[in-house]
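Visitor: I should like to go through this model with you, beginning with how far its parts can be trusted. Please take my questions in turn.

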Amino acid sequence: MVVLPLAGLLQRAPWSSLATDLRAHEALAALRLSLETSLGALALSVVFGVPLAWVLARRRFPGRSLVRALVTLPMVLPPVVGGIALLYAFGRRGFAGRILYDLTGWRLVFNTTGAIVAEAFVAMPFLIVTAEAAFRSMDRSAEEAAATLGARPAYRFRRVTLPAVAPALAAGAALTWARALGEFGATITFAGNTAGKTQTAPLLVYLDIESGHDATALALSLVLLGVSLAVLVGLRDRWVGNP
Amino acid sequence: MSRLSASIGVTLGALHLDLDLEVDEAVVAVVGPNGAGKTTLVRAVAGLVPLDRGRIVIDGTVVDEPSTHVRVPPEHRGVGVVFQEPRLFANLTALENVAFGLRATGTPRGDARAKAASWLDRVDLAGVGARRPKELSGGQAQRVALARALATEPDVLLLDEPLAAVDASARAELRRVLRAELRRYPGARLVVTHDPVEAAALADRLVVLEEGRITQQGPLVEVTARPRSPWVATMLGLNLLHGVADRANVRLDNGAMVATADAVSGPTFVAIRPNAVVLHRKSPEGSARNVWPGEAGELYLAGDRARVSITGPVPLIAEVTAAAVAELRLADGGAVWASVKATDIDTYPS
């Protein structure tokens, strides 16, 4: 189930013309855009996801289970449904989108920012889940010791908590980034498929296959495959290295 | 004014901790069996466990009082803690660990490091400043933890079973350092331990805590010589019996009679040192007025001495020579007679 499609991809790969196919203007632009948007989505996920994970792990409040379920929902939701949901919220006529436009003159939908938001929507749960588990399972005794030494909460978080969860956060960030890089459904629904603005590598792969440019599609697919594999191998080494 | 005055009421699961504690000039050791509430006491004073009832006052300042909603967080209490495990920061060197509290409270880096180095020197660890916690032995790690707590110059120093997690081989050295630093330290000092011998080595005053309540407190000499709880007596290796005295005779709670040299009356503790108990295979004839039949039970050898537990109307631990063990074939168990001179029996009112 897993190996055969990969073998198919490798067997059909245009190895000889790979470099030229990738250097095609559209492919390069899509890759660059993918890199930008996925890193943007990762930054967004870190800014919002890590504090949220900390609150979920450390604070008791009514409805915590519900919040936790909602936060992880995008992991199992079809991305295209996520994209539609984003449209209804942040689209031209969406309630949040209208308020945002009235306040700042900014539109999220059908532009690069929209692609970043769509990718973050789908990928952020990977960071939240890993970070929450790390905050929850880490040994709290060092934090207590820090408190008795006169360290205030913010200082404790920076000097004791963060270093303790750093390996887990790095792993979560790698997964999040890889997921954002491969995002398709939510991005095409919410941000559209405009070359140079919202056309990320997965979107271009789809377009090329549809329009018969198999060589470029295959070349891009190989790049995406390689990146995913590299991330997973890197994480596995870390997990095996630090049991 | 006491440096630390605590009236502590905490309910935590099955534990009901209720006690009043004053710490002044003397080093105070709280001793008690596991589960007595010792660690909870330390955590309550440090602010890591909230009080349910009572009040904690440090140098005249109320730091915890549920009835007035005062609850100063740990970082503002001025309470230094050495925990049972060193709890060092794994990503920092030994020196950085000691400097942590100074850095956290705004001391510039250079000053903090210089001070930390002198503290490491004081606990005889001048050479290990650059090591990470995992490169330290258990005893070294605990000394770093001590230096780290002392470096912040807290008003109250709490040691929670500081020797418990350390190898027997490193314990003597750590005990020496702890003792020296406790003597030098100017603030209020409280040690918590399950070992009365360790408490005796570190403190001037003992507080016995059992099942969340204080069962005895007083100067070290008084508590160790005249324990009022079977647990302390057992830990000190002392036989403790209880009965009602009528002049020179004490009728024990189980009805057996003990003759003493003191003329006391009323409810009385009877303390007998194990080495005052003499064992015989035949009923002895002689001056000892206290002769009780019994069964020889478990035998513990320690060097050329042995401790035998005797069950019978007067249950006792007897300490005899290894020669006596062989001569009386105590390893076989069986019926024995135990005798104690009246002048070797200490009585004190309960």
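Visitor: In chain B, in which helix is confidence lowest, and in which is it highest?
Guide: This is a predicted model, and the mean pLDDT of chain B is 91, with 99% of its residues at 70 or more. Confidence reaches its maximum in helix 2 (residues 94-104) of chain B, at a mean of 97, and its minimum, a mean of 86, in helix 8 (residues 230-236) of chain B. The lowest is thus helix 8 and the highest helix 2.

Visitor: Which ipTM does the predictor give the complex?
Guide: Two scores are given for the complex. The pTM is 0.81, and the ipTM is 0.82.

Visitor: How many helices and how many strands does chain B have?
Guide: The C-alpha trace of chain B spans about 80 × 45 × 35 Å along its principal axes. Of its 350 residues, 41% count as buried. The secondary structure of chain B comprises nine helices and 19 strands.

Visitor: Why is one side of strand 7 and of strand 11 of chain B left without a neighbour in the sheet?
Guide: In chain B, six strands make up an open sheet of mixed pairing, ordered 7-8-9-3-10-11. Strand 7 (79-82) and strand 11 (213-219) of chain B stand at its edges, so one side of each lacks a neighbour in the sheet: each has a single partner strand. From one strand to the next, the twist averages 20°.

Visitor: Which residue is the bridge partner of A29(B) in strand 9 of chain B?
Guide: Strand 3 (residues 28-31) and strand 9 (residues 188-193) of chain B run parallel and are joined by four bridges. Within strand 9 of chain B, A29(B) has as its bridge partner V191(B).

Visitor: At what angle does helix 4 of chain B run to strand 7 of chain B?
Guide: Helix 4 (residues 138-151) of chain B lies across two strands, strand 7 and strand 8 (156-160) of chain B. Relative to strand 7 of chain B, the helix runs at about 180°.

Visitor: Which elements give two or more residues to the side of chain B that touches chain A?
Guide: The contact draws on 18 residues of chain B and 14 residues of chain A. Two elements of chain B meet the criterion of two or more residues: strand 7 and helix 2.

Visitor: How many residues on that side of chain B are nonpolar?
Guide: The side of chain B that touches chain A has three classes of residue. Four are charged, five are polar and nine are nonpolar.

Definitions and conventions: Residues numbered from 1 in each chain as written. Chains lettered and ligands numbered in written order. Predicted model: local features only at pLDDT ≥ 70, side-chain atom pairs only at ≥ 80, totals over all residues. pLDDT = per-residue confidence, 0-100. Pairing = 2+ DSSP bridges. Axes fitted to C-alpha atoms, helices over the stretch in contact; angles between N-to-C directions. Contact = placed C-beta atoms within 7 Å. Buried ≥ 20, exposed ≤ 12 C-beta atoms within 10 Å, placed from the backbone. Nonpolar A, V, L, I, M, F, W, Y, C, P; charged D, E, K, R; others polar.
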